Each structure stands twice: as C-alpha cells, then as structure tokens.
Amino acid sequence: MDPREEERRNEELLRELLETKQYTKLRQTAEDMQDADIASVMDDMEDEDSLKMFRILPKDKAADVFAQLDLDAQQYIIQSLSEKEASSIIDNLQADDATDLLEEMPANIVKKILANARPDTRADINHLLRYPEDSAGSIMTVEYVDLKESMTVQDAIDRIRAIGLDSETINTCYVLDAQRVLVGIVALRYLLIKKPDEVIGDIMNENVISIGTMTDQEEAARMFQKYDFMAMPVVDNENRMVGIITIDDVVDIMEEEATEDIEKMAAIVPSDKTYFRTTILETYKHRMPWLLLLMISATFTGAIITRYENALASYVVLTAYIPMLMDTGGNAGSQASVSVIRGISLGEIEFSELPKALWKEIRVAVLCGITLSAVNFLKLLLLDRVGAEIALIVCATLVVVVVFAKTIGCLLPMLANKIHLDPAVMASPLITTIVDAVSLLTYFQIATHVLHL
C-alpha cells in the first residue's frame, strides 16, 4: 500500500474512534502505529481533540508522540496539563527539544514547570538557554556518550549500556580528557569489532571536526552537508565539549531557513507558525508591510508613465508592450537573484567573487537578451504587423532591460549579505520594482530618440 494512502486511512481510523468514543480500541490501535504518524494526525486536529487523544495514549507512547508534535500543539498540551504532568513530559524530552518548547512559553509557566522537573533536566535546560537564538549552542543537545582515553573497549561498552538510553545517539562516542577537552571520537561499530582489553586512546580517531557554540545554525547545517555527518560535537572557546548537534536538528534548521527565505522572497514577514495555525490578523500583519512598501515604490512607475504621456499619445502602440517589458525584466532579475542567493546560502559564492559573478551574469544576460529580442522582432513584424521602428525600439529596450535586471539580481543579494542583511530580502519583489522603473525609463528614452518625440 502507498505510504500516503496508509497514513490517510490511519488518520481517518483514529478520528473515527475518537469521535465514537471507542477509547480502548483507540489506545490499542495507537500502540501499533508509528509515533510520527500519530503526531501528524494530532497536529491536524483541533486543540481540544488533540489533548483528548494525548490523554488516551499509553504513558510511554504519549511522551514519544509529544516529542514529534508541532510546537504549537506541544504548548497547548503542556499548558493544559498539571504542573506535575507537564514536568514529567519535560523530563522525558531531549534537552534541546525541551529548551525549544520552553523558550516559546510564558515565563511564569516555565518557572513552575522547571520547579517540578528533575534537577539534571533543569540544569541542562538552563545551560542551553544561555546561548543566543539560532546559534549552534541553542540547538545542541547535552545528552551524548563521553568516554575517557584510559578506558578499555569493554569499559566503553559498559558505559554505553548504562547511559545509552538517555543519549541522543550512541553511534558516535566522544573521547574527553580530564578537563573535558575533546581529543577524539570512536564509532560504536568500531568498538564492537575490537578486543575488549584494547584501550580507547589507542583506537580513537583524533582527526575530529567540531563546531563552536556561537556558530550560526545555518553554518552548522552547511558543515553537516559538506561532511555527511549524522552528529557533530559542539565545543566552547577552549575546545571543551558541551554538546552535540544531530542530523534531525539540521533537517529542522534547513526547513526553517528555507521557509524563511521563501517568505522573504515573496515579500512576506517570516512566521514560525504553520499556515492554518496563523490567524487572519497575524497573516495580515506579516503581508501588509511589504505590500505597502511595494505599492508606494510602484508609484514611481506611474510617475514615469505620466511624464511621457505625450509620447504615448502620439504612438499609442507603445503602450501595448509596457507589460511585456516589465514582466520580462522582473523575471530575468528573479532568475539571477534566486541563483545567487542559493550560491550564497550554500557557501558557493563569496563577496570577493562579486566581479566574477557579475561578469558571468552579464554574459548570460546578453545571450538571453539577444535571443528574446530576435524572437520578439519576428513576432512584432509578422504577427503584430507594427513598423520596423517600433519593433526596433521594443527589442533594443528588451536587451537593455534583461542585462540590467540580471546585473541587479546578482549585485543586490551579494551587497546585502556583505552588510549582514538577509540576501532573500533583496529578491523578487524589491528587484522587480527597481527593474520596472528602469524598464520604463529605458523604453521611453529610446522611443524619444528613435521617433524624435
């Protein structure tokens, strides 16, 4: 059966059992389902139904499902539980997941939950809360397997058995000295094939790649992509190990960053809520500022048209090609900006390479402009049946506009990144507005000279 079809059927079954109050059967059915599938169903439910489902689940299952829920659903459930129940849930979460949840909750509720949490949980969460948002330290987990150089392989395996269940991962173990400085790593599969009396210091890999606590989370994601890691150690300024980042955290980061860039490129203020959980008023607030700014900036195009209204009155046919020129320029600029923003995000383009990138985009633009103009020239003469002068004006403008648009589309994101602004802000909407104004100015200037207006 197709996985999506199976997921849909499971969702319908759980909803039916909940609505018909067949709670025992619901509990039994849920026990055989994947935690992520149950969480997916609960995320789509109304808050009250989601809470009811959560209370019906077996205790251990409920804790595992809770870790898979969206942040909004987690917050609602936590605030609906008693302080003791909420603290129990927090105790069962990985420290980084618990920190993410508590960061978004009111301070008075957080204080009560932490007061009832285990001392070690409270210490781990308070430790993570010290780091700036979006830093590697804020997304790491402090639950990992640490070993000593003097341990034997058997000692290491015994330690993994003792603390493995409470660790985020046991696939890679980290070797620390007496000052907790990271000196090496050793894989679990490597331990399993070594003799029990061999010493960790002799078999560990000393070529360790780590990341600092203050490193931006986006840079951390790039390092995971570069080295194909499943987990990466996080160290402080003195190379003392303080936690690890795992691949599941990186996937969340990549989704978050990609969503944020897409929203900015579409002229929307980024939101951390899902579409249906964002209220109408919140959606309005996120979209309105950019729409207002772009509307005001678009008045420049109106002023340009007004300035050249006499030329338009003499040659009304010129009006028909304004939308095509503006749209083509906007599309050309968007193509360049998206390519450059992607290159910046992946670390493929540095600011020092700006001349190289500009030269490439200009050459591409010339080729695109000439091709578009040639096709358009034939279309104007054969289909639109306009005069050669008008066709020349439109096609000459097209070449200039495409070259300018791709140049701006390359230049603005790189300049924005250089002055520590998000390059995505310089994408489609802003570039399109600039290109529209330049397109009109170019069009009318060429028309004025060719037609002697």
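1. Arg 180 and Asp 146 form a salt bridge through their side chains, with N and O 3.5 Å apart. Arg 180 sits in the loop between strand E2 (172–176) and strand E3 (182–187), while Asp 146 belongs to strand E1, so that the pair links distant parts of the chain, 34 residues apart. A salt bridge here is a side-chain nitrogen of Lys or Arg within 4 Å of a carboxyl oxygen of Asp or Glu. Helices (H or I, at least four residues) and strands (E, at least two) are DSSP runs, numbered from the N terminus.

2. The model is predicted: local features need pLDDT of at least 70 and side-chain atom pairs count only at pLDDT 80 or more, whereas totals for chains, interfaces and linings use all residues. Residues are numbered from 1 along each chain as its sequence is written, and side-chain values use heavy atoms, with hydrogens and water left out.

3. Asp 146 has a second partner: its side chain also meets that of Arg 159 in a salt bridge (2.7 Å, N to O). Arg 159 lies in helix H12 (residues 153–163) and Asp 146 in strand E1 (residues 146–148), so this pair ties together parts that are 13 residues apart in sequence. Asp 146, Arg 159 and Arg 180 are thus joined in a network of salt bridges.

4. How buried or exposed is Asp 146? Asp 146 is buried, at 12% relative accessibility. The cut-offs are under 20% relative accessible area for buried, over 50% for exposed, and partly exposed in between (1.4 Å probe, protein chains only). Both arginines of the network fall in the middle class: Arg 159 is partly exposed at 28%, and Arg 180 is partly exposed at 32%.

5. The structure has eight salt bridges. Another of them pairs Asp 236 with Arg 240, whose closest N and O atoms are 3.0 Å apart. Arg 240 is partly exposed, with a relative accessibility of 34%.

6. Four aromatic pairs are present. One of them, Tyr 227 with Phe 229, is stacked, at 5.5 Å centre to centre and 20° between the planes. Rings of Phe, Tyr and Trp (its six-membered ring) pair if their centres lie within 6.5 Å; planes under 30 degrees apart count as stacked, over 60 as edge-to-face and the rest as tilted. Tyr 227 is partly exposed at 33% relative accessibility, and Phe 229 is partly exposed with a relative accessible area of 24%.
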